[in-house]
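Here are a few exercises to work through with the viewer open. Try each one yourself before reading the solution.

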Amino acid sequence: MIPAAFEYYRPKDLEGALSVLVEHGDDARVLAGGHSLIPMMKLRMAEVPHLIDLQDVDGLSGISVDGDTVRIGAMTTQHDIIDDAALAAAAPIMREASLQIADPQVRYVGTVGGNVANGDPGNDMPGLMQCLGATFTLFGPEGERTVEARDFYEAAYMTDREDDEILTAVSFTASKGGYAYEKQKRKIGDYATAAAAVLITKADGKCTAASIAMTNLSDTPIWSEDASNALIGTALDAAAIAAAVTAMLGDIDPTDDNRGPVEFKRHAASIILRRAIETAWSRA
Ligand SMILES: Cc1cc2nc3c(=O)[nH]c(=O)nc-3n(C[C@H](O)[C@H](O)[C@H](O)COP(=O)(O)OP(=O)(O)OC[C@H]3O[C@@H](n4cnc5c(N)ncnc54)[C@H](O)[C@@H]3O)c2cc1C
């Protein structure tokens, strides 16, 4: 499978990348790890006459943990995330989730920026970012702006990012309490049938804060405020966990596909979420 012909650009800085995007609009796309975009081009599901490779652009890679603030450059790979001790200490859910993405070959080149910007409902990072309450930084002709991960996803492959904006980083506050990333998939290397990201804070035997998001159960990731609230103030007894699961089942909207019928997906979602809540609570 050979993609349609395209012009290849390899700018050294963000301004250079942006100028090609602005000049060619819809006909130009940035290339990060290429693990989603190149297959789409080869299958002729995406035609990109102007391809802008970001790999030489200065300042887009790297992880910094400054006090409680975590910043990950868009070109940072999933492998880099798994390998970073400071990040593992500040937000261990990042490592736990990244280890469940695809396989090592994909993780060596797949980037956090490509994963969150793509808008693929099957990608694990968008739900994770919503769970963490992350902020995305975008660079465009008007300069820099930020958008909350919880406001970023509009529909499958549709996001708040304009065609002429480049995602430069994701940032979030270090997570102190219990965490868990649970994923049900058909086989190693597969996208999720259902995945759950859960963060829980505990004090005096009660849940004081919770954040819950799920992946590949709607055309966007689903962060459920009602599910999170169902746990707060409780000692996570069976009734509280059941209420959180019920709230999430009310927010997701899975469709039939080769991962199974709707009823199966709702069942998988409830099992995975329950498991993630129990693990996060045991670690809190
Ligand atoms: C076999 C296989 C299995 C996989 N399994 C999983 C899985 O289980 N879970 C999972 O989460 N992912 C999975 N992936 C996806 C992979 O992990 C990558 O994260 C994904 O391909 C996107 O990252 P990328 O760097 O390759 O982006 P690219 O393919 O380069 O780009 C993807 C899209 O995002 C845009 N883009 C990229 N970077 C930016 C930026 N900085 N600013 C604006 N737009 C940008 C591109 O223009 C393109 O439209 C799998 C991939 C493969 C090939």
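**Exercise 1.** By class, how many nonpolar, polar and charged residues does the shell around the ligand have?

*Solution.* Keep in mind that this is a predicted model. Start by sorting the shell by class: 13 residues are nonpolar, twelve are polar and two are charged. Next, pick out the ones that come nearest to the ligand: out of 27 residues around it, these are Ala32, Gly33, His35, Gly110 and Gly114. Then ask which elements give two or more residues to the shell, and you get β2 (28-31), α7 (112-117), α8 (124-132) and β10 (166-173). Of the contributors, α7 gives the most, with four residues. Finally, step up to the domain level: domain 1 (7-53) and domain 2 (63-171) each provide at least three residues of the shell.

**Exercise 2.** Work out how domain 2 meets domain 3, and which element supplies the largest share of the domain 2 side.

*Solution.* First lay out the chain: it splits into domain 1 (7-53), domain 2 (63-171) and domain 3 (179-283). The C-alpha centres of domain 2 and domain 3 are 20 Å apart. Now count contacts, taking C-beta atoms within 7 Å as the cut-off: 21 residues of domain 2 touch 21 residues of domain 3. On the domain 2 side, at least two residues come from each of α5 (92-98), α8 and β8 (153-155). The largest share there belongs to α8, with six residues. By class, that side of domain 2 has eleven nonpolar, five polar and five charged residues.

**Exercise 3.** Look at α8 by itself: how many of its residues are buried?

*Solution.* Use the cut-off of 20 or more other C-beta atoms within 10 Å. Nine of the nine residues in α8 pass, so to speak, as buried. Among them are Asp124, Met129 and Gln130. Then step just past the helix: glycine 133 follows α8 and has a positive phi, near 65 degrees. To tie this back to the earlier exercises, α8 gives two or more residues to the ligand shell and six residues to the side of domain 2 that touches domain 3.

**Exercise 4.** In what order do the strands of the open four-stranded sheet run, and which strands are at the edges?

*Solution.* Trace the pairing across the sheet, which is antiparallel, and you read β11-β12-β13-β14. The strands that pair on one side only are β11 (178-185) and β14 (222-223), which makes them the edges. Moving inward, β12 (192-203) and β13 (206-215) run antiparallel and are joined by nine bridges. For a landmark, find threonine 201, which stands opposite alanine 209 in β13.

Methods. Residues numbered from 1 in each chain as written. Predicted model: local features only at pLDDT ≥ 70, side-chain atom pairs only at ≥ 80, totals over all residues. Near = placed C-beta within 6 Å. Nonpolar A, V, L, I, M, F, W, Y, C, P; charged D, E, K, R; others polar. Domains from an automatic or database assignment. Contact = placed C-beta atoms within 7 Å. Pairing = 2+ DSSP bridges. Buried ≥ 20, exposed ≤ 12 C-beta atoms within 10 Å, placed from the backbone.
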